[in-house]
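Thanks, everyone, for making time this morning. I would like to walk through one model with you, going strand by strand before turning to the chain as a whole.

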Amino acid sequence: VDTRHITVTVRESNTSSVNAVWSKADTVFGLTSTSNVYFIEPAQNEKFNITFGDGVLGKKPSVGNIIQLKYRQSSGLTGNNGKIFTAGKKIGGHDSVATTVTNSIGGTEAETIAQIKFNAPKAFQVQERAVTANDYKILVQKEFPSVVNVLAFGGEQLSPPEFGKVIIAVDLADADGVPQSTKRAIQSYLSSRTPISIDVKVVTPEILNLEVEGKVNYNISVTTQTVSGIKAKATNALSAFANTNINAFDVTYRNSKAVAAIDACDTSVVSSQLVTRLYKKFTPSATLPASYVIGYNNELQNDEEFVAATTKYSLYKPAITSTQFTYLTDTAAFIVDDGKGKLKIVKTDSADNFVVLLADAGTVNYTSGLVNINSLLISSYIGSTYKVYARCVNRDITTKKASILQLDASDISITAVQERL
């Protein structure tokens with residue numbers, strides 16, 4: 001049962017036509033003897049009891065009142081990503097066609113006993129008021145189960161600073177971005193629990209993606225595992241490491257720990273090597289030019305300089321590169337940096353040489369990791385999204401406020417190599 005969308009109405013008697021809607025109360029704070037509220041209490045076998053006030057804290061229904069409950073029987077995670085909807089009946093006598101703007105999101109499974117034991121003391125600790133950053137996190141995750149990650153911090157930590165505000169960055173399960181309706185609901189919910197002098201601002205987190213290529217050597221003398229078996233074990237180990245250690249706010253990817261996770265996936269593994277790069281993905285307009293600002297927030301590797309006349313594509317290792325896109329009439333264009341702080345739009349010829357299509361496409365600050373791409377029309381591109389990649393100096397990758405470092409299974413590429421020791 002989806003307890004967030006229970007509707008309770010009360011009629012004075014079966015002769016009355018007036019249905020009064022009663023609201024759910026999570027606390028007795030501010031309740032009076034006339035407050036039309038109800039409470040939800042957990043019962044056995046994953047069921048719930050609906051209770052009412054006692055006439056002091058909340059209105060008490062009278063004998064003869066007719067109480068009606070409406071609720072949703074939810075399907076948990078299986079309800080996510082729905083995109084085809086049809087109207088159940090005509091509207092005003094007319095047929096209707098539903099257009100999906102956002103796939104269905106927010107479905108989650110019921111809390112486990114372990115999760116209840118973890119969350120219940122924290123919910124009690126907050127007492128329906130938000131003072132510390134942890135208070136905001138607990139309140140949001142208690143009221144909005146679809147939120148999987150929350151970060152709260154003072155607006156003065158932004159650049160430029162926003163004084164007098166608390167910034168709430170939220171990440172939803174199985175969704176890219178946060179709908180405006182969800183932002184407004186969170187902001188409205190927190191506003192009544194926040195000190196009067198503080199404004200709440202809910203933002204969509206910046207997602208910074210991590211791509212990992214790995215090589216795993218294993219001893220075939222001590223295992224019957226195949227190359228594909230070791231590859232699968234290593235990939236699963238790295239995915240589990242990401243879910244536990246990154247894919248969240250305020251985290252650091254530790255390369256040595258990721259390597260250790262792979263080394264431990266099977267007793268036959270003798271060594272592992274991982275190469276990483278960051279990328280940011282976009283869905284550009286096919287008709288309107290746009291400029292892009294990307295903060296990788298890590299020092300970038302610029303160990304080579306681009307010389308158009310002599311630099312070979314297969315030998316050049318840029319700090320910045322992108323997936324291919326259509327630039328004017330060239331359908332295989334892409335972006336690279338020149339090692340000196342400039343971005344160029346280029347393509348390659350049949351001899352593996354670079355051909356410069358636009359010499360000044362933007363700038364890159366190698367120290368801060370800030371990339372500015374000048375106004376550009378990307379009418380089409382290779383893949384489902386347009387990606388801009390960056391190579392970092394350090395193997396350990398850090399994030400900044402309101403950003404999430406994310407490693408998906410689709411961004412893990414492992415090669416397994418057999419050895420006989």
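In strand S7, the residue that serves as bridge partner to Phe153 is Ile167, and I start with this pair in what is, please keep in mind, a predicted model. The pair belongs to an antiparallel arrangement in which S6, residues 147-154, is joined to S7, residues 165-172, over seven bridges. S7 also pairs with S8, residues 199-203, but here the sense is parallel and the bridges number five, with Val166 having Val200 as its bridge partner in S8. As for cover, seven of the eight residues of S7 are buried, and the strand is accordingly described as mostly covered.

Let me move on to S9, which spans residues 206-219. How many of its 14 residues are buried? Ten are, so the strand is largely enclosed by the rest of the structure. The partners of S9 can be taken in turn, and I will begin with S12, residues 269-282, which runs antiparallel to S9 and is joined to it by ten bridges; within that pairing, Val216 stands opposite Ser272. With S23, residues 412-419, the direction is parallel and there are eight bridges, and here Val212 is found opposite Ile412. S22, residues 403-406, likewise pairs with S9 in the parallel sense, over four bridges, and Ile207 has Ile404 as its bridge partner there.

If you are tracing side chains along these strands on the screen, a general reminder may help: in a regular strand, side chains alternate between the two faces of the sheet.

One residue of S9 that I would single out is Asn219. Is Asn219 buried or exposed? Its relative accessibility is 9%, and since buried means under 20%, Asn219 counts as buried. Once residues up to four places away in sequence are set aside, Asn219 touches Ser268, Val270, Glu419, Arg420 and Leu421.

A contrasting case is Lys401, which sits in the loop between S21, residues 397-398, and S22. Lys401 has a relative accessibility of 30%, and because the partly exposed class runs between 20% and 50%, Lys401 is counted as partly exposed. Which residues does Lys401 contact, apart from its neighbours within four places in sequence? They are Leu151, Phe153, Gln157 and Asp250, and you will recognise Phe153 as the residue whose bridge partner is Ile167. For a sense of distance across the model, Lys401 and Ser23 are separated by 378 residues in sequence and by 36 Å in space, taken C-alpha to C-alpha.

Next come two hairpins that share a strand. S16, residues 330-337, pairs antiparallel with S17, residues 342-348, through four bridges, and Val336 is placed opposite Lys344. Four residues lie between these two strands, and in the turn Gly339 has a positive phi of about 80°. S17 then pairs with S18, residues 354-365, again in the antiparallel sense, over six bridges, with Ile345 standing opposite Leu358. In this hairpin five residues separate the strands, and Asp352 takes a positive phi near 70°.

Finally, let me step back to the chain as a whole, which has five helices and 23 strands. Its radius of gyration is 27 Å, whereas the globule rule gives 22 Å for 421 residues, so the chain is more spread out than a compact globule. Taken along the principal axes, the box that its C-alpha atoms fill is roughly 90 × 60 × 50 Å. Buried residues make up 39% of the 421, and the exposed area comes to about 23,700 Å², of which carbon and sulfur atoms supply 52%. Among contacts with a separation of 6 or more, 64% are between residues 24 or more positions apart. On the charge side, there are 41 positive and 38 negative side chains, and the centres of the two sets lie 4 Å apart.

That brings me to the end, and I am happy to go back to any of these strands on the screen.

Methods
Residues are numbered from 1 along each chain as its sequence is written. Side-chain values use heavy atoms; hydrogens and water are left out. The radius of gyration is taken over C-alpha atoms; the globule rule is 2.2 Å times the number of residues to the power 0.38. Buried means under 20% relative accessible area, exposed over 50%, partly exposed in between (1.4 Å probe, protein chains only). Contact means heavy atoms within 4.5 Å. Accessible areas come from the Shrake-Rupley method with a 1.4 Å probe; for residues, only the protein chains shown count as cover. Lys and Arg count as positive and Asp and Glu as negative; His and the chain ends are not counted. The place of a charge is taken as NZ of Lys, CZ of Arg, CG of Asp or CD of Glu. Two strands pair if DSSP finds at least two bridges between them.
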